[in-house]
Amino acid sequence: MSEEQKIIEQERKGVVELLMKKNGLTRRQLVEELVGIWTASMVGTLSDDEKKQFPHLVF
């Protein structure tokens with residue numbers, strides 16, 4: 001990784017940390033939110049039989 005790439009990655013991480021702080025989020029809360037969004041966007045790829053494995057969820 002070049003020095004410029006290291007600086008860019010460091011700044012990107014800084015932006016993420018600042019945004020989390022401004023929004024009162026922990027890294028764990030952010031990950032959980034993103035997992036939920038990803039899951040909701042991918043649930044359509046499950047078959048009806050696969051969905052039946054989760055009887056308490058509404059699809």
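**Salt bridges, helices and exposure in a predicted three-helix model**

E17 and R27 are joined by a salt bridge in which the closest N and O atoms are 2.3 Å apart. The pair connects distant parts of the chain, with E17 in helix α1 and R27 in helix α2 (residues 27-42), 10 residues apart. The model in which this pair occurs is a predicted one. E17 has a relative accessibility of 40% and therefore counts as partly exposed. R27, at 48% relative accessibility, is likewise classed as partly exposed, because that class covers values between the 20% limit for buried and the 50% limit for exposed.

A search of the whole structure returned 3 salt bridges. Another of them is formed by E9 and R12, with 2.7 Å between the closest N and O atoms. Both E9 and R12 lie in helix α1, where they are 3 residues apart, about one turn of the helix. E9 has a relative accessible area of 26% and is thus partly exposed. R12 is also partly exposed, at 45% relative accessibility. A salt bridge is found between the side chains of K52 and D49 as well, with an N to O distance of 3.9 Å. K52 has a relative accessibility of 61%, so it counts as exposed. D49 is exposed too, its relative accessible area being 58%.

The secondary structure of the protein consists of 3 helices and 0 strands. Read along the sequence, the order of elements is α-α-α. Helix α1 covers residues 3-22, a run of 20 residues. From its first C-alpha to its last, α1 reaches 29 Å, which is close to the 28 Å expected at 1.5 Å a residue. Just after α1, G24 adopts a positive phi of about 65 degrees. L25 is placed in the loop between α1 and α2.

The contacts of L25 and L30 were examined next. L25 touches M20 and L30 when residues up to four places away in sequence are not counted. At 36% relative accessibility, L25 is partly exposed. L30 belongs to helix α2. With neighbours within four places in sequence left aside, L30 is in contact with V16, M20 and L25. The C-alpha atoms of L30 and M20 are separated by 7.8 Å, the two residues being 10 residues apart along the chain. L30 has a relative accessibility of 24% and counts as partly exposed; the class of buried residues requires a value under 20%, so L30 falls outside that class.

The overall dimensions were then considered. The radius of gyration of the protein is 18 Å, whereas a compact globule of 59 residues would have a value near 10 Å. The C-alpha trace spans about 50 × 30 × 15 Å along its principal axes. Of the 59 residues, 2% count as buried. The accessible surface of the protein amounts to about 5600 Å², and 59% of this area belongs to carbon and sulfur atoms.

A nonpolar patch was identified on the surface. L46, F54, L57 and F59 make up this patch, which has an area of about 370 Å². L57 is located in the segment after α3 (48-51). With 52% relative accessibility, L57 counts as exposed, because the exposed class begins over 50%.

P55 also lies in the segment after α3. At 64% relative accessibility, P55 is exposed. The C-alpha atoms of P55 and R27 are separated by 30 Å, with their positions 28 residues apart along the chain. R27 is the residue of helix α2 that takes part in the salt bridge with E17 of helix α1.

Conventions: Residues are numbered from 1 along each chain as its sequence is written. This is a predicted model: local features need pLDDT of at least 70, side-chain atom pairs count only at pLDDT 80 or more; totals for chains, interfaces and linings use all residues. Side-chain values use heavy atoms; hydrogens and water are left out. Helices (H or I, at least four residues) and strands (E, at least two) are DSSP runs, numbered from the N terminus. The expected span of a helix is 1.5 Å times one less than its number of residues. Patches are made of residues with over 30% relative accessible area and no salt bridge: like charges are joined within 9 Å, nonpolar side chains (Val, Leu, Ile, Met, Phe, Trp, Tyr) within 5 Å. Accessible areas come from the Shrake-Rupley method with a 1.4 Å probe; for residues, only the protein chains shown count as cover. A salt bridge is a side-chain nitrogen of Lys or Arg within 4 Å of a carboxyl oxygen of Asp or Glu. Buried means under 20% relative accessible area, exposed over 50%, partly exposed in between (1.4 Å probe, protein chains only). The radius of gyration is taken over C-alpha atoms; the globule rule is 2.2 Å times the number of residues to the power 0.38. Contact means heavy atoms within 4.5 Å.
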